[in-house]
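Q: Please take a close look at the helix contacts in this model, with the side-chain pairs that join them. A connected account is preferred to a list.

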Amino acid sequence: MDSTILLFLLQDGITSGAIYALLGLALVLVFAVTRVILIPQGEFVTFGALTFAVLATGKVPGTTLLALGMGVVAFAFDMIAGRSTMNGRRFVHSLALNILLPLAIWGLATLLAGRQNNVIVNFLLSIVIVAPIGLYLYRIAYQPIAHASVLVLLIASVGVHLALQGLGLVFFGPEGLRAPAIATAAFTIGPLRFTGQSIAIYAITILLIVGLWLLFGYTLYGKALRATAVNRLGARIVGIRTTLSGQVAFLLAAVIGTISGILIVPITTIYYDTGFLIGLKGFVAAIIGGLVSYPLTATAALVVGIVEAFSSFYASNFKEVIVFTLLLPVLILRSLATPEVEEEGD
């Protein structure tokens, strides 16, 4: 291997690692606030990518109908859960959030579909379409069991992943899609060529990381999320609505997943089940970060991306095995460092 190939592999690894960093951060955020290991994070990637690709063809993506259907179910859940305490204000709020909002998004997508929209319009419209799915997903699948054990929440995540993957097949079909690049400019530094898409990946990743830092450090909602992550009971005692915190966490995860999908669909063909494997690599980074550390998760994601790039060069048939093997030493070290806890007797 010469220095040119080394630089190419590092560039490719950093590009992939930036995507994994976003997904890892979303997983850490959701787990910290809700104790949910969000296996369906990959489906947000798929929905975002395919929604963007379908909009680029001038058609209305099926995710608009999915969001509307999930909103109807969430509205029914609200009516059943609040049947004894329901008042006019709560009814109107639930109706607006769960029915009128997805209807308005569907109408907007229908209005804009078929026009020669620029990439930025499709980018923003994709986020608007997919983001409410995260909100409704928490209300339907996780909010009713929010106080269950982590194991129960994990099992629920597996079921949600399978359900969303099946819905992805229904709405998008088995054929893969690609989309136009966000930016077409390019420049060369030495032997390396930086395309507009790769620059967009770096820039948007940095902006999102800085945005999350500002959100958690300087906004009321961000501090509420941090408080919920530290102590859910204490957060409730001081008046923080942990249910709202969970909804905000899932909304942010859906936005991050959607943006990640939009960033990768111009450089690789995305199928209805592609997001699962991409999400798992973000999960590897999150596990290395202990599901608590954002900086360590971001660093681990870059390592995962670089290891994947070099594995593709030296042993492409085993690159996935090599990437997931990174978990073994981390899990062994954490197991040795964790004090033994005796099981409770019957």
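A: Phe75 has a relative accessibility of 16%, and because the cut-off for buried is under 20%, it counts as buried. The model is a predicted one, and the values below are computed from it. Phe91 has a relative accessible area of 34% and is partly exposed, since that value falls between the limits of 20% and 50%.

These two rings belong to the aromatic pairs. A search of the whole structure finds six such pairs. In one of them, Phe75 and Phe91 sit 5.8 Å apart, centre to centre, with 65° between the planes, an edge-to-face arrangement. Phe75 is in helix H3 and Phe91 in helix H4, which covers residues 88–112; the pair links distant parts of the chain, 16 residues apart. Another pair, Tyr142 with Phe250, is tilted: the centres are 5.1 Å apart and the planes make an angle of 40°. Tyr142 lies in helix H5 and Phe250 in helix H10 (residues 242–264), so this pair ties together parts that are 108 residues apart in sequence. Tyr142 and Phe250 are both buried. Ring pairs also bring in Tyr138, giving a cluster made up of Tyr138, Tyr142 and Phe250.

Helix H5 deserves a description of its own. Of its 24 residues, 17 are buried, so H5 is largely enclosed by the rest of the structure. Its length can be checked with simple arithmetic. The expected span is 1.5 Å times one less than the number of residues, which for the 24 residues of H5 gives 34 Å; the C-alpha atoms at its ends are 34 Å apart, so the two values agree. At the N-terminal end, H5 is capped by Asn118, a side-chain oxygen of which lies 3.2 Å from the backbone nitrogen of Ile120.

Within H5, Val130 is one residue to examine. Its relative accessible area is 0%, so Val130 is buried. Leaving out residues up to four places away in sequence, Val130 touches Phe44, Phe47, Gly48, Thr51, Ala254 and Thr258. For one of these partners, Thr51, there is also a backbone distance: the C-alpha atoms of Val130 and Thr51 are separated by 8.0 Å, although the two residues are 79 residues apart along the chain.

Charged side chains come next. Side chains of opposite charge can pair when their charged atoms come close. The structure holds three salt bridges. One of them involves H5: the side chains of Arg139 and Asp78 meet with 2.6 Å from N to O. Arg139 lies in helix H5 (residues 119–142) and Asp78 in helix H3 (residues 63–81), so the salt bridge ties together parts that are 61 residues apart in sequence. Arg139 has a relative accessibility of 9%, and therefore counts as buried.

The other bridges concern Lys281. Its side chain meets that of Glu308 in a salt bridge with an N to O distance of 2.4 Å. Glu308 is in helix H12 (residues 294–314) and Lys281 in helix H11 (residues 274–288), so parts that are 27 residues apart in sequence are tied together. Glu308 is buried at a relative accessible area of 7%, and Lys281 is buried too, at 4% relative accessibility. Lys281 also forms a salt bridge with Glu320, the closest N and O atoms being 3.0 Å apart. Here the pair ties H11 to helix H13 (residues 319–325), where Glu320 lies, so the parts joined are 39 residues apart in sequence. Glu320 counts as partly exposed, at 24% relative accessibility. Through the shared partner, Lys281, Glu308 and Glu320 form one network of salt bridges.

One further buried residue, Gln197, lies in helix H7, which runs over residues 196–218. Its relative accessible area is 3%, so Gln197 counts as buried. Setting aside neighbours within four places in sequence, Gln197 is in contact with Ala181, Ile182, Ala183, Ile262, Leu263, Pro266 and Ile267.

To draw the threads of H5 together: Arg139 ties H5 to H3 through Asp78, and Tyr142 ties H5 to H10 through Phe250. Val130, also in H5, touches residues that include Phe44 and Ala254. H5 is largely enclosed by the rest of the structure, because 17 of its 24 residues are buried.

Methods. Residues numbered from 1 in each chain as written. Predicted model: local features only at pLDDT ≥ 70, side-chain atom pairs only at ≥ 80, totals over all residues. Heavy atoms only, no water. Salt bridge = Lys/Arg side-chain N within 4 Å of Asp/Glu carboxyl O. Helix = DSSP H or I, 4+ residues; strand = E, 2+ residues; numbered from the N terminus. Buried < 20%, exposed > 50% of the residue type's maximum accessible area, 1.4 Å probe, protein only. Contact = heavy atoms within 4.5 Å. Polar contact = N/O pair within 3.5 Å; in protein donor to acceptor, adjacent residues only side chain to side chain. Phe/Tyr/Trp six-rings, centres within 6.5 Å; stacked < 30°, edge-to-face > 60°.
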